[in-house]
Amino acid sequence: MLRNHPPPSADLERLRAVAHAIRRTCIELATGKGQGYLGQALGFADVMAAVYFHELRWDPRDLDWPERDRFVLSTGHYAIVLWATLAEAGAIPREELATFATDDSRLDMSTLDTSPGVEATGGSLGHGLPVAVGMALGLRLSGSDARVFCELSDGECQEGSTWEAALSAATFGLDRLVAIVDANGIQADGEIVVALEPLAEKWRAFGFDTQEIDGNDMAAVVAALERARARDGRPKAIVCRTLPGKGVPRLERREKAHFIRVEADEWGAILAELEAERARASGRTAQEGREGAT
Ligand SMILES: Cc1ncc(C[n+]2csc(CCOP(=O)(O)OP(=O)(O)O)c2C)c(N)n1
């Protein structure tokens with residue numbers, strides 16, 4: 001029951017299994033279209049699993065529940081990972097995934113105002129944090145204790161509007177606001193073109209209580225989310241270093257991972273690599289557990 005917040009302790013293995021299922025669905029969705037924004041979705045799947053299955057106060061059966069925490073997906077083109085996450089939680093029917101990116105579907109390549117579980121559309125980059133700041137202020141003014149989580153990309157940290165919103169968040173002491181930056185090191189044509197580093201230092205300088213973590217390490221993601229619960233008058237930022245294509249070695253090595261298009265017969269190999277990697281990672285975790293016990 002996800003309304004009961006927070007669970008007493010993180011079940012990391014369960015969250016890793018959820019992240020794996022999210023990745024598998026993302027690949028299936030991209031396979032159906034022969035292409036998609038898959039690299040960043042695979043990279044961000046661990047964070048999505050931890051946010052939706054551990055941290056967020058929400059009800060998959062009632063996405064408009066007024067007391068829900070808000071999750072703003074600022075990068076609309078990450079939609080595929082949101083659809084996969086919502087389907088995993090039962091918030092959208094799995095059959096509906098078959099409509100992905102077809103005319104009149106609620107589930108498009110980017111978020112729509114008609115899409116389920118979308119607090120704000122995000123196709124035009126740099127708007128998510130400003131909207132999230134407004135939401136956090138509005139919720140506080142109305143006496144709500146709901147929190148606002150805002151995903152944003154490293155590319156969006158090149159937008160002035162992001163930093164204007166950050167200044168406001170700190171000025172207004174929005175400590176129920178958590179900016180989750182997917183620092184995956186890429187933007188449209190490959191590597192980041194306008195220097196961002198040291199990125200965490202920038203968030204700190206703007207008044208955010210900032211953590212910098214490996215966003216593909218489930219234990220680190222859960223610990224950071226839990227630490228970000230502190231009511232200390234400061235907005236929170238979690239800079240997540242993630243690997244585009246995570247979980248599929250041939251995609252992890254790919255130079256251009258922003259938009260992935262492969263030959264029709266390669267999708268099967270991509271899914272097979274995901275399953276093999278998961279088996280390897282589970283084996284490693286079990287081995288570490290045994291060694292830890294001795
Ligand atoms: C304001 C705005 N400018 C440009 C674009 C076009 N655009 C879409 S995705 C993208 C790449 C941005 O990089 P990042 O946000 O880091 O995303 P990633 O490559 O990790 O998916 C760009 C420039 C846009 N959607 N909105």
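## Strands 3 and 4

Strand 3 (residues 148–153) and strand 4 run parallel and are joined by 6 bridges. The model in which this pairing appears is predicted. Within the pair, glutamate 151 lies opposite isoleucine 180 of strand 4. The connection between the two strands passes through helix 5 (residues 160–171), and the resulting β-α-β unit is right-handed.

Strand 4 covers residues 177–183, and 7 of its 7 residues are buried, so the rest of the structure largely encloses it. In a regular strand, side chains alternate between the two faces of the sheet. For strand 4, one side carries Leu177, Ala179, Val181 and Ala183, while the other carries Val178, Ile180 and Asp182; both faces are covered, and all of these residues are buried.

## Strand 8 and its two partners

Strand 4 is also joined to strand 8 by 6 bridges, again in the parallel sense. Two positions show the register of this pairing: valine 178 has lysine 236 as its bridge partner in strand 8, and alanine 183 stands opposite arginine 241.

Strand 8 (residues 236–241) pairs with strand 7 (residues 209–214) as well, in parallel and over 6 bridges. The chain passes from strand 7 through helix 7 (residues 218–227) to strand 8, a β-α-β crossover that is right-handed. Lysine 236 is the bridge partner of aspartate 209 in this pairing, and arginine 241 is the bridge partner of aspartate 214. Lysine 236 therefore has a bridge partner in strand 4, valine 178, and one in strand 7, aspartate 209.

Which residues of strand 8 lie on each of its two sides? Lys236, Ile238 and Cys240 are on one side, and Ala237, Val239 and Arg241 are on the other; both faces are covered and all of these residues are buried. Because 6 of the 6 residues of strand 8 are buried, this strand is largely enclosed by the rest of the structure.

## Helix 3

Helix 3 (residues 79–88) is mostly covered, with 10 of its 10 residues buried. The buried residues are Ala79, Ile80, Val81, Leu82, Trp83, Ala84, Thr85, Leu86, Ala87 and Glu88. An α-helix has 3.6 residues a turn, so residues three or four places apart point the same way.

Against which elements do the buried residues of helix 3 pack? They pack against helix 1 (12–33), strand 1 (35–36), helix 2 (38–55) and strand 2 (70–73). After helix 3 comes glycine 90, which has a positive phi, near 80 degrees.

## The ligand shell

The ligand is surrounded by 16 residues, the closest being Leu125, Ser153, Gly155, Gln187 and Ala188. How does the shell divide between nonpolar, polar and charged residues? The shell holds 3 nonpolar, 11 polar and 2 charged residues.

## The chain as a whole

The chain contains 9 helices and 9 strands. Its C-alpha trace spans about 55 × 55 × 40 Å along the principal axes. A compact globule of 294 residues would have a radius of gyration near 19 Å, and the 18 Å of the chain agrees with that value.

Of the 294 residues, 48% count as buried. Among contacts in the chain with a separation of 6 or more, 77% are accounted for by residues 24 or more positions apart.

Methods:
Residues numbered from 1 in each chain as written. Predicted model: local features only at pLDDT ≥ 70, side-chain atom pairs only at ≥ 80, totals over all residues. Near = placed C-beta within 6 Å. Nonpolar A, V, L, I, M, F, W, Y, C, P; charged D, E, K, R; others polar. Helix = DSSP H or I, 4+ residues; strand = E, 2+ residues; numbered from the N terminus. Rg over C-alpha atoms; globule rule 2.2 N^0.38 Å. Buried ≥ 20, exposed ≤ 12 C-beta atoms within 10 Å, placed from the backbone. Contact = placed C-beta atoms within 7 Å. Pairing = 2+ DSSP bridges. Right-handed = clockwise from strand over helix to strand, strands pointing away.
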